Amino acid sequence: MDLKQKLEYQQGIEDYLESNDVYELFEYLLKELLVDKPEDPIDFLIHKLENPRRRRLFLVGGIGNSRRMIARDLASRFRVEAVNVYDLLKNEVKKAGKHAEGILTAWRSGIYVPDDIILEILMPVLEGLEKQGKSYILNGCPRTRVQSLALQRAGIIPDRIGILTTDENAYKEKFRQNFIESQEQKPSDESIAELASQRAIEELSYNLNGVKDVYKNQWHEIESTGTVDKVADKVARIFLMKGRSNAPRRPPKVILLGPPGSGKSTQAQNLSVRYGLTLVSTSQLLRDQINRKSEIGKNIAAIMSTGDMVPDFIITELVRNRLQETDCKMNGWILDGFPKTVEQVRSLKEFKIQPSHVFFLESSDALIYERIEQRRLDPVTGKYYSVAALPDDQNLRDRLVILEEDSHEAARKRLQNYKEHSTKLHAEFAKVGMNIKAELDENLISEMIGDAIENSIPHEFD
């Protein structure tokens, strides 16, 4: 079976699971089966179906980012257990356990507590939660490659790992404070604390790279600036995302619609980067044909210059072929500017192409004309720029062009065409559609679309 056949087979399975609303359940059960490898898989799966789903969420990162408070906030939101490695270590020191001296020595030296100590204290706690089938947030581990591999060998696989990033200077300052407080006597030379903080941040970077390498696409970096609530919100969104693990997954299939100049292309580019989706722009598909100077490309150029719509049979075939390519099937896709007619919607159904989300960017006519008449295209990257906010790069400025389709008369025709089909398009996508005002701030629109995508993912934690 070659790659194409495998993808077609996988697509057939996904279509069946989606149509019967069991995709998420199937994914969860398969992952649990592969992790636990039970002797009796049938009884194991029956038990899983009869009990609440188990979640494992890991949170790591440097000091100075209120990680403990964030972990507690998330544990409360998701109603799961909170396991804090630092608290376990403090308790070991407090009770003068066998590892107390080793922990204190590490803290006073400004280095990581040895992996074997961490694992010997932590693993019984995690194993207890695993036996009870409880969900939990693990804060402060894994911090090294060794810890990561040990957890994997024990079959403790996270749904997601959040890595909190912090400003280097803030990290070093917080470390210096902790380092000085951990000393039996205050250091007489401040340079000792400074050297220790520099070494600590290098150690942090090195070890986190090891964690990232072990967990590949399961980790996400989250900037930890802002209040605890705000950072916890960011982490929560990451924890609720689908993610790109090696388990089967249903990649998002997103359609962005709206009148010309509503910001579809900008949002499509933002979302493509944010979620790793393959960006399929109908404008770019048509422009590629024009640039090849083929006969069909010449016809497309003539049509677009007048503001008329490219015939359905041309654009539909271009889109269909693009969505059948490997990157779209593997990564998911975001389709910018298609379908524009009910006939095009029906062609998608005929090809069994079903979007998971459809977003309509709606705007006033005045704003549309203003945006179109002020925008310029970079023919190299396909990105639009406004004349009111051109970049400083002179080479980029020099190559920006005004498209014939952006003339006022062409824009008027395109806007009229959109309005003629808009009501029917809304009706066709009523179950998966969402309206958003294009006048809103660009970043806010991205957040609204992102929230809609992420919130459609089942995330019961109790």
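A salt bridge is a side-chain nitrogen of Lys or Arg within 4 Å of a carboxyl oxygen of Asp or Glu. Lys 419 and Asp 365 fit that description, with their side chains meeting N to O at 2.6 Å. Keep in mind that what you're looking at is a predicted model. In this structure there are 15 salt bridges, and below we'll go through some of them, then turn to two helices.

**Salt bridges to look up**

- Here's the basic idea: side chains of opposite charge can pair when their charged atoms come close.
- Back to Lys 419 and Asp 365, whose side chains form a salt bridge: Lys 419 sits in helix H20 (residues 408-428) and Asp 365 in helix H18 (residues 365-374), so to speak two distant parts of the chain, 54 residues apart, get linked.
- Lys 419 counts as partly exposed because its relative accessibility is 46%, and Asp 365 is also partly exposed, at 31%.
- Glu 130 pairs up with Arg 56, and their closest N and O atoms are 2.8 Å apart.
- Since Glu 130 belongs to helix H7 (residues 115-131) and Arg 56 to strand E1 (residues 56-61), this pair ties together parts that are 74 residues apart in sequence.
- Both Glu 130 and Arg 56 are buried.
- Glu 92 has a salt bridge with Lys 95, where the closest N and O atoms are 3.7 Å apart.
- Glu 92 is buried, with a relative accessible area of 7%, whereas Lys 95 counts as exposed at 54%.
- Salt bridges can also join up into a network, as they do for Arg 68, Arg 72 and Asp 87.

**Val 93 and its contacts**

- You'll find Val 93 in helix H5, which covers residues 85-94.
- Val 93 has a relative accessible area of 22%, so it counts as partly exposed; the cut-off for buried is under 20%.
- Leaving aside residues up to four places away in sequence, Val 93 touches Ala 100, Ile 103, Leu 104 and Trp 107.
- Take Leu 104: it comes eleven residues from Val 93 along the chain, and the two C-alpha atoms are separated by 7.5 Å.

**Helix H9, checked for length and sides**

- Helix H9 has 15 residues (168-182), and at 1.5 Å a residue they should span 21 Å; the end C-alpha atoms are 21 Å apart, so the two values agree.
- Which residues of H9 are buried? They are Tyr 171, Lys 172, Phe 175, Arg 176 and Phe 179.
- Those buried residues cover an arc of only 135 degrees around the axis, and that puts them on the same side of H9.

Conventions: Residues are numbered from 1 along each chain as its sequence is written. This is a predicted model: local features need pLDDT of at least 70, side-chain atom pairs count only at pLDDT 80 or more; totals for chains, interfaces and linings use all residues. Side-chain values use heavy atoms; hydrogens and water are left out. Helices (H or I, at least four residues) and strands (E, at least two) are DSSP runs, numbered from the N terminus. Buried means under 20% relative accessible area, exposed over 50%, partly exposed in between (1.4 Å probe, protein chains only). Contact means heavy atoms within 4.5 Å. The expected span of a helix is 1.5 Å times one less than its number of residues. The arc is that of the directions from the helix axis to the C-beta atoms.
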